Amino acid sequence: KLEIYKLAKDIVKDNYRLVKKFPSEERFALIQQMNRAAVSIPSNIAEGTSRKSNKEKAHFVNVAYGSLMELVCQMEISLEIGYIEQNEYDDFVKKSKNLAVKLSNYIRTLADNR
């Protein structure tokens, strides 16, 4: 029900849509790494919400944040080697920055309510 969870799932769908265009030789390299990082984001948010303490919740949201940053890095590499277009990258980064801010705010809220 969290907005960050919904936004994270949108990032996963965007990632899968973009990596479909990658060359087949990337199937077991960059694509696999990007898919793992993408799926890790909402998965860690979901796991964090199931925890009792705010400290534990914040830990899992921090892991989700790290996975998001990893995915942004991989998208930048994908742009630089010509797998995605500039406008696709820009859209992805815009959504990622929005999610990153919301994750940071949620972590801060959890820390304030310990």
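Here are some worked exercises on a predicted model of a helical chain.

**Exercise 1. Check the span of helix α1 against what its residue count suggests.**

Step 1: helix α1 covers residues 3–19, which is 17 residues. Step 2: at 1.5 Å a residue, the expected span is 24 Å. Step 3: the end C-alpha atoms of α1 sit 25 Å apart, so the two values agree.

Now try the other end of the chain with α4, which has 27 residues. The expectation at 1.5 Å a residue is 39 Å, and from first C-alpha to last the helix reaches 39 Å.

**Exercise 2. Work out which residues of α1 are buried, and how they are arranged around the axis.**

Step 1: pick out the buried positions, which are I4, A8, I11, V12, D14, N15, L18 and V19. Step 2: look at their directions, which cover an arc of only 165 degrees around the axis, so they lie on the same side of α1. Step 3: recall the general rule, that an α-helix has 3.6 residues a turn, so residues three or four places apart point the same way. Step 4: ask what the buried residues pack against, and you get α2 (30–49), α3 (54–80) and α4 (86–112).

**Exercise 3. Sort K13, K9 and I4 of α1 into buried, partly exposed or exposed.**

Step 1: K13 lies in helix α1, and its relative accessible area is 53%; the cut-off for exposed is over 50%, so K13 is exposed. Step 2: K9 is also found in helix α1, but at 37% K9 counts as partly exposed. Step 3: I4, again in helix α1, has a relative accessible area of 6%, and because buried means under 20%, I4 is buried.

Step 4: add some distances, C-alpha to C-alpha. K13 and L103 are 18 Å apart in space, with their positions 90 residues apart in sequence. For K9 and I41 the separation is 8.0 Å in space and 32 residues in sequence. I4 and L99 are 95 residues apart along the sequence, yet 6.5 Å apart in space. Step 5: finish with the contacts of I4, which, leaving aside neighbours within four places in sequence, are I45, L99, K102, L103 and Y106.

**Exercise 4. Decide how α1 and α2 run relative to each other, and name residues where they meet.**

Step 1: the axes of α1 and α2 come within 8 Å and cross at roughly 170 degrees. Step 2: that angle is over 145, so α1 is roughly antiparallel to α2. Step 3: on the α1 side, the residues that meet α2 include I4, A8, I11, N15 and V19. On the α2 side, they include I31, N35, A38, I41 and I45.

Step 4: zoom in on N35, which is found in helix α2. With 14% relative accessibility, N35 counts as buried. Not counting residues up to four places away in sequence, N35 touches N15, Y16 and V19.

**Exercise 5. Find the residues that touch the most other members of the largest nonpolar core, then follow one of them outward.**

Step 1: the core has 32 residues, and F22, I41, L68, L71 and L99 touch the most other members. Step 2: see who contributes, and you find that α1, α2, α3 and α4 each supply at least two residues. As a general point, in soluble globular proteins nonpolar side chains tend to be buried together.

Step 3: follow I41, which touches A8, I11, A64, S67, L68, L71 and L99, residues up to four places away in sequence not counted. Step 4: turn to S67, which is found in helix α3 and counts as buried at 7% relative accessibility. Leaving aside neighbours within four places in sequence, S67 is in contact with A37, S40 and I41. Its C-alpha is 10 Å from that of S43, 24 residues away along the chain.

**Exercise 6. List the buried residues of α4 and say what covers them.**

Step 1: the buried residues are E88, Y89, F92, V93, S96, L99, A100, L103, I107 and L110. Step 2: what covers these residues includes α1, α2 and α3.

Conventions
Residues are numbered from 1 along each chain as its sequence is written. This is a predicted model: local features need pLDDT of at least 70, side-chain atom pairs count only at pLDDT 80 or more; totals for chains, interfaces and linings use all residues. Side-chain values use heavy atoms; hydrogens and water are left out. Helices (H or I, at least four residues) and strands (E, at least two) are DSSP runs, numbered from the N terminus. The expected span of a helix is 1.5 Å times one less than its number of residues. Buried means under 20% relative accessible area, exposed over 50%, partly exposed in between (1.4 Å probe, protein chains only). The arc is that of the directions from the helix axis to the C-beta atoms. Contact means heavy atoms within 4.5 Å. A nonpolar core is a set of buried Ala, Val, Leu, Ile, Met, Phe, Trp, Tyr and Cys residues joined through side-chain atoms within 4.5 Å. Axes are lines fitted to C-alpha atoms, for helices over the stretch in contact, and angles run from 0 to 180 degrees between N-to-C directions. Angles under 35 degrees count as roughly parallel, over 145 as roughly antiparallel, 65 to 115 as roughly perpendicular and the rest as oblique.
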